Amino acid sequence: MKFTLKIWRQKNVTEKGEMVSYDVSDISPDSSFFEMLDTLNQQLIMTGGDPVSFDHDCREGICGTCSLYINGRPHGPVKGVTTCQLHMRSFTSGSTIQIEPWRAKAFPVISDLIVDRSAFDSIIQAGGYVSVNTGGVPDANTIPVPKERSDAAFDAASCIGCGACVAACSNAAAMLFIGAKVSHLSQLPQGKVEATKRVLKMVARMDELGFGNCSNTYACEAECPKGISVANIARMNRGFIGAKLFSEKEKIIKESL
Amino acid sequence: MTRLNAGIPEGPLAGKWTAYKSGCKLVNPSNKRKLDIIVIGTGLAGASAAASLGELGYKVKVFCYQDTPRRAHSIAAQGGINAAKNYPNDGDSAYRLFYDTIKGGDYRAREANVYRLAEVSNQIIDLCVAQGVPFARDYGGLLANRSFGGAQVSRTFYARGQTGQQLLLGAYSALSRQIAAGNVTLFNRRDVLDTVLVDGKARGIIARNLVTGEIERHAAHAVVLANGGYGNVFFLSTNAMGSNVTPAWSAYKKGAMFANPSFTQIHPTCIPVHGDAQSKLTLMSESLRNDGRIWVPARKKDVEKLRAQSIKPSDIPEGDRDYYLERRYPAFGNLVPRDVASRAAKERCDAGFGVGRTGVAVYLDFADAIKRKGHDTIDALYGNLFQMYEQIVAESPYETPMMIYPAVHYTMGGLWVDYNLMTTIPGLYAIGECNFSDHGANRLGASALMQGLADGYFVLPYTIGNYLAAEIHTPRFDTAAPEFTVAAEAVSDRLNQMKNSGGKESVDHFHRRLGKIMWEYCGMARNDAGLTEALYLITELRHEYSRGVRIPGALDEYNPELEKACRVADFIELGELMVRDAQQRKESCGGHFREEYQTSEGEALRNDEKFAFVAGWEYRGREVAAGLHREELQFNEIKLSQRSYK
């Protein structure tokens, strides 16, 4: 197979970028998208060019490192897969493929197709955990958790933190990412204890970091490689409003004392 | 002559760890704040260690090459994590888990370390549940267990096919909490390129900021390596693209011994290679062997027809199929340990019975299981794996058998550590896959996650205190000290030299060549002549590499080719050591199969009299062969026997 690639090239965060065209040929339909880019890079290295930088690591769809915006869609045209699990058989030979980085204010470009997603770490640091220390915890079977709950928590927990939801959103909102973490933990008895504080802290951090508001278009769910449902956003909003009301009530009680 | 003293506590096996904990030195909380610890790697071992040490009050700096700690390759582990909870009431105990691990490792692991591992396994499950890890549960709301990788008890806890991911997210959340608390500082997108010693003790590291190219110096009272395995020495493996040996290798060159480097696990159930552009291999969880049956055609005629695509696998009648694992190992059948299953697949393919376009694959067939259990049950058990397979191969395992072939998956060898998990350099620890200690010559399924978390959560936090108790008067280090300057300059010189060597070929070109040599001569089957040949080829490759490799871009910018160049330089040197190790071990054990040493039935033939030892290799210079030290293994609890799965 052969392709014309139009790729975003940008040296670093300060310099301006542009789309540059490249041709690749002799690509096997069984090659992954990254193996196709590897071929391009080998070609560039051997001809004295500058290889294209892109984020990738596990190449089996689970680490969440890869982050390409292909033909206007995060992770390309196939539903439910990450870029690394995309194969060239999903494209037509001879076609032109546009490749860009995630576009979001909170994700500045580091180099070419690589963006800085440390904002996601920052959100988790704000409260995306259960405050337990190593040791001193009860036996794992002390608290039964209904299977349906546990399964629902798992569905939310399967978020890989790739950022496709942000890239897909016209407002670059991180609601699905946070909603998934909030839902995962608040549905389990272990995480419920801190649920109120957690949602307030994570949402506050999200606002600080420059993510936009929910666009209510559900593009995040449509493009999520792990199929995380927007129901998680609803669950987060419910938790958030409840927490806000609760904290207002607390304030009034305190002031009246 | 040996310098390898494991420092195993006295007393009966089951009481050693308790006795150690009762007797080890402690550091009081106000002193912990004055002590710095560097942790390299944020997989299960590194993240759990950094979080736990932060909770204790130490000042921790944690490094990873990924953009965030949550992406470390532990995330890819599918199957599960073992623990001796005995929830299913099927007779499990810490002793049985210990026994199975030693036996599965073909009696090349240290009894005391493995017993401790089995002992703390239950605490891991408790902690992970408390962190919110969504393990699979039964309808009663309690945790589900499954049998895994040939174990005769159900001791494996799992979270669908994503156990590693969920456990890592648990450790990552604990780590994030400590980062927020200010006890841990995260350095992401960093490659650790050297270990710094001051007066013989590990006191810091030299790192390269992968975004800016800056060479950084970091000092600490102790350094913990948790940089994972080195399977990428084979170029094609199930490891992540960035997985590398560099931090451990830099420690080796500074005096930490490297143990059993040739012990590599070749996993039997991976998706076969599709062609020359292949960049990595994908594992299909071992749990598939619980229900899938492995076979190849019994008649060459059918093999040819399959390759010509004139028949489908389902056209071959039952009687003309060779279920070779069931045939050779009636007691364990498709559930024999990984090393045995891998070798058997290679044997059939080498004999010309392999299937697929390349002839280097065997079938893993679910037709019987679907008939017996129903489509829905199989879907609930393996749905996500089937999907993953279909995505890569474009065939549905519901309709046609999967094709699989062994691939490099895990490295049992690693830095030599004592009972404290300390290397031969004082103050330098190695935990998780990057040490050698618990899996002997073959790792059992669902034991890697257990070991990584055991080391990080429950072992290192005790043993490192025992060392640091004597360091409370040591002030924080100044990275302007000459030791740091020398190391930083050496790293810069090395990078400069590599960058400006002006070679013709790319890094990948050399890496692929190294991989082919290793796979051919130091892979599933090894022999003396092949290993001698490999040694010659690798030395030649190393010289060629040092004469020049083509690295575009600059040193002070984001430069993935430069990153790879450093990693591959170390892989080439490591490859040489692996071959030497394989050559000196004149026996077959676990994943190390020497063709000269096999039973008449083609099974691995150990030589306990001469080789019941850990081979610790000491670096003696680039052009000098490494020195071999032996740690004799004492088996007081377990009687050594020939593994039999027949």
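Angles between axes count as roughly parallel under 35 degrees, roughly antiparallel over 145, roughly perpendicular from 65 to 115 and oblique for the rest. The model discussed here is predicted, with local features needing pLDDT of at least 70, side-chain atom pairs counted only at pLDDT 80 or more, and totals for chains, interfaces and linings using all residues. Residues are numbered from 1 along each chain as its sequence is written, and chains are lettered from A in the order in which they are written.

In chain A, helices α5 (residues 175-186) and α7 (residues 195-208) pack at about 170° with axes 10 Å apart; helices here are DSSP runs of H or I with at least four residues, and strands are runs of E with at least two. α5(A) and α7(A) are therefore roughly antiparallel to each other. Contributors to the contact (C-beta atoms, placed from the backbone, within 7 Å) include A:I178 and A:V182 of α5(A) and A:V199 and A:M202 of α7(A).

Turning to chain B, an open, antiparallel sheet of four strands follows the order β16-β10-β18-β19, where pairing requires at least two DSSP bridges. Strands β16 (414-415) and β19 (627-632) of chain B occupy the edges with a single partner each, so one side of each has no neighbour in the sheet. Within this sheet, β10 (residues 258-259) and β18 (residues 613-618) of chain B are joined by two bridges, and B:F258 sits opposite B:W617 of β18(B). Helix α17 (residues 560-584) of chain B lies across β10, β18 and β19 of chain B, at about 145° to β18(B).

Notes. Two residues are in contact if their C-beta atoms, placed from the backbone, lie within 7 Å. Axes are lines fitted to C-alpha atoms, for helices over the stretch in contact, and angles run from 0 to 180 degrees between N-to-C directions.
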